[in-house]
Amino acid sequence: MKIRGKLITAFFIMTIIPIALIFLCVTAILNKENSVLADTYNINEETFHNYDIVINPVSFFHHIALADYQAITKLTEESPDQFLDKQFLDKANKSLLKRGAYIIIIKDSQFYYIGNKKKFEKLEDIPIQSSYDEPASHLTYIDNKTSSIIKEISFYFTDHALGQALLVVDFSNVPSRWFSAVKDIVLAIFLILFSTGTLLVIWIYQSILRPLDTLRLATMQIGTGNLNEPIHVSSSDEIGKLCRDFEEMRIRLKSMVEEQIQSEENIREMISNISHDLKTPITAIKGYAEGILDGVADTPEKQQKYLQTIYAKANDVTYLIDELSLFSKVERNSFAYNFVSVNLENYFTDCIEDVSLDLESKNITIDYYNTTDKNTCILVDTEQLKRVLHNIIENAVKYNDKPDGHISVRIEETKTKPAAPPLYRQLKEDGSDLFPQKKPDEFIQVQIEDNGPGIAANDIPHIFDRFYRADASRNSSKRGSGLGLAIVRMIISDHGGKVWAESIEGVGTSFYFTLKKDRKEVTTN
Ligand code: ADP
């Protein structure tokens, strides 16, 4: 859920839900209190509304013991002498007492029966309203002193004596019940507000504050240079998105730092390799120069030999420096390629012709086969591709150990699978694709095979690494920097292709590389 959604939900949790819950609780509490009061005072629940005690107390008090009052009235009309039967009165009073009520019967202004002697001991204590001379048949009034409602009925016994039946209802416990209802309501409101507030705080904490805290800790970790602590946040809101972006940033930063460390390590290794590779010819140059200076080379022939060695070693140094400078340029991407479209067949024929004379002089033969379409064009930097061919062929010559060396160059189409058509196509009115798919690149593959000593299987994965020289080559007298194939790999990869080697020791080595075809099919060289 987004933060906006969370805020709306929080608003509902803070307002609507407490209001609804409070309403339900208040209704339940009032219902409970009302049914207790209705039971206590024998109130007919059909004529009495739940909230009358709060909003219409007059109606409430009117309904108090109404049923008993109606029964007494009926009896005064139908059989008034029943009120002279003490047994009957005791029984009726007993059941009334259970509801906090009792009856008083007065006959000819004399106490005849009193249902609760504790409250009214003397006749004068009774706040009787109707006069004995002019008795009102029905009266209801409240006695504040005893907190009672008195319902008074005047009637005549069969002997014409004036009778007065008083139904006294003690309502002193109504305020206490009302107070307990208010207490319950206040407690319920407090509990509802407290629990919704707590829920809200927990929810906000879980969904907003905790991820923020995780993010803060992760930032601190990164600040101290620890990039290994991943952030796990599963929420889909803005904070979750921020955490995921942060995690992505951490991963990228980590790989950048690792690259940086690797690059520093490479530079260190390179410096050590360079100093080692430069030291050997320079030590030799120094030794031979000292030989001349000290007069060890005491004949013109010896001097000539020493100078030739110095010249050869100086050439080795120049070769190494040239390779190094090219390598560093390609690696720093400061090398400006000049890509042009050339006809594959013409380009390779020229290259093979260029090297074949030199190879012939070294007793090495070269074959060339091209099985691709003769109009195929490739997009290459012609000079740099020549360097690639030169480095591979030069190695084949350099490491050749057979009297009749042989090199074979084969060019063929690569067997790449065509891309699957898209599942859904959006078409224009004329039926053509609205978003035409870009055609996948097509490649040709060049194989350069020699019949040299081959390369040990455990050296094969490393021969394209810079400064890597197989032990056999390092220990031989063959000049080399270990940069030739590293340069080949960088140039081919900058052309969008890939390079690899396969070899059988004692049989020979095959170098393969791929080159991107130019779709324009230009036929110029
Ligand atoms: P180097 O300057 O030593 O030739 P390269 O990067 O050109 O460096 O080659 C790396 C290593 O691969 C060489 O030292 C050699 O051991 C091996 N190698 C390359 N080409 C051949 C080959 N045609 N035959 C045998 N070994 C080869």
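How many residues does helix H10 have, and how far does H10 reach from its first C-alpha to its last? In this predicted model, helix H10 covers residues 344–361, which gives 18 residues, and spans 27 Å between its end C-alpha atoms. That reach is close to the 26 Å expected at 1.5 Å a residue. Helix H10 nevertheless contains a kink of about 30°, centred on Val355.

The surroundings of this helix can be described through its buried residues. In H10 these are Leu344, Glu345, Tyr347, Phe348, Cys351, Ile352 and Leu359. An α-helix has 3.6 residues a turn, so residues three or four places apart point the same way. The buried residues of H10 pack against several strands, namely E6 (340–343), E7 (364–370), E8 (377–380), E9 (405–413) and E10 (443–450), and also against helix H11 (382–398).

With this element in view, the chain as a whole may be introduced. It has 13 helices and 12 strands. Of its 525 residues, 38% are buried. When contacts between residues at least 6 apart in sequence are considered, 65% of them join residues at least 24 apart. The chain exposes about 31500 Å², and carbon and sulfur atoms supply 57% of that area.

Part of the surface near the start of the numbering deserves separate attention. There, Ile8, Phe11, Phe12, Ile16, Ile17, Leu21, Phe23 and Leu24 make a nonpolar surface patch of about 760 Å². Two elements each give two or more residues to this patch: helix H1 (3–14) and helix H2 (16–40). Helix H2 provides the largest share, with five residues. Leu24, which lies in helix H2, serves as an example from the patch. Leu24 counts as exposed because its relative accessibility is 55%, and the cut-off for an exposed residue is over 50%.

Charged side chains supply another set of features. The structure holds 16 salt bridges. One of them joins Asp159 to Lys107, with the closest N and O atoms 3.2 Å apart. This pair links distant parts of the chain, for Asp159 is in the loop between strand E4 (148–156) and strand E5 (162–170), whereas Lys107 is in strand E1 (residues 101–107), and 52 residues separate the two. Asp159 is partly exposed, at 44% relative accessibility, and Lys107 is also partly exposed, at 22%.

Other salt bridges can be followed in turn. Asp298 and Lys302 meet through their side chains, at an N to O distance of 3.8 Å. In this pair Asp298 counts as exposed, at 55% relative accessibility, while Lys302 is partly exposed, with a relative accessible area of 38%. Asp401 and Lys402 form a salt bridge with an N to O distance of 3.6 Å. Asp401 is partly exposed at 46% relative accessibility, and Lys402 is partly exposed at 25%. In addition, Lys32, Glu33 and Asp184 are linked in a network of salt bridges.

The account now turns to three buried residues. Thr514 is located in strand E12 (residues 508–518). Thr514 counts as buried because its relative accessibility is 6%, and buried means under 20%. Leaving aside neighbours within four places in sequence, Thr514 is in contact with Thr414, Phe443, Ile444, Gln445, Ile492, Gly497, Lys498 and Trp500.

Ile455 is placed in the loop between E10 and helix H12 (471–474). Although in a loop, Ile455 is buried, with a relative accessible area of 15%. Not counting residues up to four places away in sequence, Ile455 touches Ile460, Ile463, Ser503, Glu505, Thr509 and Phe511. The C-alpha atoms of Ile455 and Val507 are separated by 9.4 Å, and these two residues are 52 residues apart along the chain.

Arg466 likewise belongs to the loop between E10 and H12. At 19% relative accessibility, Arg466 counts as buried. Apart from its neighbours within four places in sequence, Arg466 is in contact with Asn266, Glu269, Met270, Phe327, Glu331, Gly482, Leu483 and Ala486.

Terms used. Residues numbered from 1 in each chain as written. Predicted model: local features only at pLDDT ≥ 70, side-chain atom pairs only at ≥ 80, totals over all residues. Heavy atoms only, no water. Patch = residues over 30% accessible without salt bridge, like charges linked within 9 Å, V, L, I, M, F, W, Y side chains within 5 Å. Areas by Shrake-Rupley, 256 points an atom, 1.4 Å probe, with all protein chains shown as cover. Salt bridge = Lys/Arg side-chain N within 4 Å of Asp/Glu carboxyl O. Helix = DSSP H or I, 4+ residues; strand = E, 2+ residues; numbered from the N terminus. Buried < 20%, exposed > 50% of the residue type's maximum accessible area, 1.4 Å probe, protein only. Expected span 1.5 Å × (residues − 1). Bend = angle between axes of the 7 residues up to and from the residue. Contact = heavy atoms within 4.5 Å.
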